Amino acid sequence: MADERDELIRAGRLFDRRGWVEGTGGNLSARAAAGGFWITASGSHKGELTREDFVRVDIDGTLLETGAPGRRPSAEVAIHQTVYRLFPQTGAVYHVHSTEANVVSLFSNGPMLRLAPLEVLKGFRVMEDNPRVEIPLLPNWSNVAQIAADMHARLANSPPPRIPAALIRLHGITVWGPDALTARHYVELLEYILRFMVQARSAGVEEDW
Ligand SMILES: [Zn+2]
């Protein structure tokens, strides 16, 4: 029988192949029909997930169900709770740690990072010519609750970002979407843009975005 975890398992394999979830890094979640959301358990390798490697928690982080006994939610569950709380239409949240996300996080000292105006922004329904699109750039903290609090403070007090994503400096991106497959496409598109920005800078391209 189909299960919300299956698309997360596929996404985990893809992100692992791309090198975006090294070690046991990153975490993937999707809303569950049974209530709350499924999220990868702490310590799980995202390229080797099975249904047992997830736990189901409610919006407050209370454990509802474990895929296997003893599994605990990812330490970064607070980031996912923040997104589901702020954007109720969200069906899935992906948080990954790519090299490119970390490099571009050093391109801006401010609270936002401007993205290169690439054609692929159409995948986010950004249709104008030479679009000026920015994503929130948040500080990193070893205390994940502080990351989540910053994210809440920033996103709750401004219009929803045009691209459903936020970048944590020297840590990685968090991307959300209406369903797990769309969110996966969003991760791929945003990572493509970040990869382009790293390569453009190393190639000495004059950046006019
Ligand atoms: Zn992380």
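The following legends describe close-up views of a predicted model.

**View 1. The zinc ion and its protein donors.** The zinc ion is coordinated by Glu76 through OE, listed twice, and by the NE2 atoms of His95, His97 and His171. These donors lie 2.0 to 2.7 Å from the metal. Along the chain, the donors follow the spacing E-x18-H-x1-H-x73-H. Glu76 and His97 link distant parts of the chain, being 21 residues apart. Glu76 sits in the loop between strand E4 (63-66) and helix H2 (77-86), and His97 occupies the loop between strand E5 (92-96) and helix H3 (99-104). Glu76 has a relative accessible area of 10% and is therefore buried, the limit being under 20%. His97, with a relative accessible area of 24%, is partly exposed.

**View 2. The surroundings of His80 in helix H2.** His80 is located in helix H2 and is buried, with a relative accessible area of 0%. Its side chain is joined to that of Asn27 by a polar contact of 2.5 Å. Leaving aside neighbours within four places in sequence, His80 contacts Asn27, Leu28, Ser29, Phe37, Ile39, Val93 and His95. The last of these residues, His95, is also a donor of the zinc ion. The C-alpha atoms of His80 and Ala30 are separated by 9.4 Å, although the two residues are 50 residues apart along the chain. The helix itself is largely enclosed by the rest of the structure, because seven of its 10 residues are buried. Those buried residues of H2 are Val77, Ile79, His80, Gln81, Thr82, Val83 and Tyr84.

**View 3. The nonpolar cores.** The largest nonpolar core has 42 residues. Within this core, the residues with the most contacts are Phe15, Tyr94, Leu115, Ile173, Leu190 and Leu194. At least two core residues come from each of helix H1 (4-17), strand E1 (27-31), E5, H3, strand E7 (134-138), strand E8 (165-168), strand E9 (172-177) and helix H5 (180-202). H5 gives the most, with nine residues. Leu115 touches Leu121, Val133, Ile135, Ile163, Leu190, Ile193, Leu194, Met197 and Trp209, when residues up to four places away in sequence are not counted. A second, separate core of 19 residues includes Phe37, Val55, Ile79 and Val93. In soluble globular proteins, nonpolar side chains tend to be buried together.

**View 4. The buried residue Glu7 of helix H1.** Glu7 lies in helix H1 and counts as buried, at 12% relative accessibility. The side chain of Glu7 makes a polar contact of 2.9 Å with the side chain of Arg10. Not counting residues up to four places away in sequence, Glu7 touches Tyr94, Ala180, Leu181 and Arg184. Of these, Tyr94 is among the residues with the most contacts inside the largest nonpolar core.

**View 5. Helix H4 and its buried face.** Helix H4 (residues 144-156) has 13 residues and reaches 18 Å from its first C-alpha to its last, close to the 18 Å expected at 1.5 Å a residue. Its buried residues are Val144, Ile147, Ala148, Asp150, Met151 and Leu155. Seen down the helix axis, these residues fall within an arc of 160 degrees, so they line one face of H4. An α-helix has 3.6 residues a turn, so residues three or four places apart point the same way. The buried residues of H4 pack against H2, E7, E8 and E9. At the N-terminal end, H4 is capped by Asn143, a side-chain oxygen of which lies 3.1 Å from the backbone nitrogen of Ala145.

Terms used. Residues numbered from 1 in each chain as written. Predicted model: local features only at pLDDT ≥ 70, side-chain atom pairs only at ≥ 80, totals over all residues. Heavy atoms only, no water. Donors = N, O, S within 2.8 Å, 3.2 Å for Na, K, Ca; no water. Helix = DSSP H or I, 4+ residues; strand = E, 2+ residues; numbered from the N terminus. Buried < 20%, exposed > 50% of the residue type's maximum accessible area, 1.4 Å probe, protein only. Contact = heavy atoms within 4.5 Å. Polar contact = N/O pair within 3.5 Å; in protein donor to acceptor, adjacent residues only side chain to side chain. Core = buried A, V, L, I, M, F, W, Y, C linked by side-chain atoms within 4.5 Å. Expected span 1.5 Å × (residues − 1). Arc of directions from axis to C-beta.
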